[in-house]
Amino acid sequence: MRDRPPYPRTRRLRPVLAASCAALLFATGCSFGEPEPDPAGEPPNLPTPSAAASPGGAGQQAVATVLAKGLRVPWGIAFLPNGGALVTERDSGRILQVGPESGPEGLQVRVVQTISDVAAAGEGGLLGIAASPSYDRDRTVFVYYTAEQDNRVAKLQIGGQPTPVLTGIPKANVHNGGGLGFGPDGQLYVSTGDAGERPAAQDVKSLGGKILRITADGKPSAGNPYPGSPVWSLGHRNVQGFAWDEAKRMYAVEFGQNTWDEINQITKGGNYGWPQVEGRAGDKRYTDPLTQWATSDASCSGLAATDRLLVTGCLRGKRLWVMELTDTGTMLGQPSELLTNRYGRLRAVAAAPDGSLWVSTSNHDGRGTPAGDDDRLLRVVFAGGDGGRS
């Protein structure tokens, strides 16, 4: 099958404010309409964009709006049916609700829970969060966090006591993984790091250096490649972000060591080579990445899929990388970079119900240079160019 865009180049993402179009998109024409209604049926009340459009490759531009300020290492984002989102803070152990209410400064932010047994240290703490697919009925959310002895997944209703459903994931000051999300199959996927123990990534009996697939009760899902095991894929150094495209293909972003960071298409039982391989190897025993970058340009954490695009947020690289997919799930052309050095270190990237992306900064994580209003939560839309949206 020939690599080509999987569907017509429709343009569904909306801008932050139609009135800002002429000022922002100085290099392109303007065809923006009113923002699409949020799930509650009302147009979102969003603040004025904080900066002009940021140019990227192939004529792409991104328009960024600051939705919230003054956060501390926001890590995971889970959208709720009411149009707001739950956001975790790594070091404080707090779960914040952001929106849907808004004010002159942006969306309202309030603390809804603090997970008391979070043992934050180094890269560990309160990490991923996912809302139950049946949240409307069960009000259940899942969190991935570092405890005293391990990394673990727990479920809770906001305000209630967390109940661990999966424990024993290796922990360390580095490489704790932490991604969490429900797949199109309704199963809960969990990404883990090797916790500095490289051989663990190739050991099927270890939960380290893996992508796991479990039920909402923490049991290995039916159909996993290793009977009785939660392991879905192995050979990972440290995966924090993953996402699915419209064809239900899974992708993950991978921290390399000193040479290559990666985007991989994740398949059942796939072996991604760590620690024997970093980047492309051409070795039939391992799956090569779709694309790779020098670690200085990437070190990416969050990943989102929207329409035919994959978008990842980079910490050391201080940018978004944007990739366009073909109908076979390969990459079309070369990645584009956006927002480079505009907001500092970027971590979480999540596809919002209105078609925009929410992106968090991570300048308070001990490796950045915080601005006075850091950390921030951004709303990003694409405009113009073959890989954009308007």
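Is E105 buried or exposed? In this predicted model, E105 is exposed, because its relative accessible area is 59% and the cut-off for exposed is over 50%.

**A residue in a loop**

Let's stay with E105 for a moment. You can find E105 in the loop between β5 (94-103) and β6 (106-114). Setting aside residues up to four places away in sequence, E105 touches L67 and K69. E105 also shows how the chain brings separate parts together: E105 and A68 are 37 residues apart in sequence, yet their C-alpha atoms are 7.5 Å apart in space.

**Two pockets**

Now let's look for empty space. Rolling a probe the size of a water molecule over the atoms shows where empty space is left. Here are the two pockets side by side.

| Pocket | Volume | Lining | Nonpolar | Polar | Charged |
|---|---|---|---|---|---|
| Largest pocket | about 1,100 Å³ | 44 residues | 25 residues | 12 residues | seven residues |
| Second largest pocket | about 400 Å³ | 23 residues | four residues | 10 residues | nine residues |

Which residues lie nearest the centre of the largest pocket? They are I77, F79, F242, A350 and A351. Several strands contribute to the lining of this pocket: β3 (74-79), β7 (126-131), β11 (180-182), β15 (239-244), β19 (300-306) and β23 (346-351) each supply at least two residues. The largest share comes from β19, with six residues.

In the second largest pocket, the residues nearest the centre are E123, F255, S299, L315 and R367. The lining of this pocket includes nine charged residues and four nonpolar ones, while the lining of the largest pocket includes seven charged residues and 25 nonpolar ones.

**An open sheet**

Strand β7, which helps to line the largest pocket, also belongs to a sheet. Strands of a sheet pair through backbone hydrogen bonds, either parallel or antiparallel. This sheet is open and has four strands in the order β7-β8-β9-β10, with antiparallel pairing. Why is one side of β7 and of β10 (163-169) left without a neighbour in the sheet? Both strands stand at the edges and have a single partner strand each, so one side of each has no neighbour there. From one strand to the next, the twist averages 15°.

Within this sheet, take a look at β8 (residues 140-146) and β9 (residues 151-157). These two strands run antiparallel and are joined by seven bridges. To trace one of the pairings yourself, start at F142, whose bridge partner in β9 is K155.

Methods:
Residues numbered from 1 in each chain as written. Predicted model: local features only at pLDDT ≥ 70, side-chain atom pairs only at ≥ 80, totals over all residues. Heavy atoms only, no water. 1 Å grid on protein atoms, 1.4 Å probe; cavity = no way out; pocket = protein on both sides within 12 Å on 5 of 7 lines; lining within 4 Å. Points joined across faces, edges and corners; volume = space filled by probe spheres on them. Nonpolar A, V, L, I, M, F, W, Y, C, P; charged D, E, K, R; others polar. Pairing = 2+ DSSP bridges. Axes fitted to C-alpha atoms, helices over the stretch in contact; angles between N-to-C directions. Buried < 20%, exposed > 50% of the residue type's maximum accessible area, 1.4 Å probe, protein only. Contact = heavy atoms within 4.5 Å.
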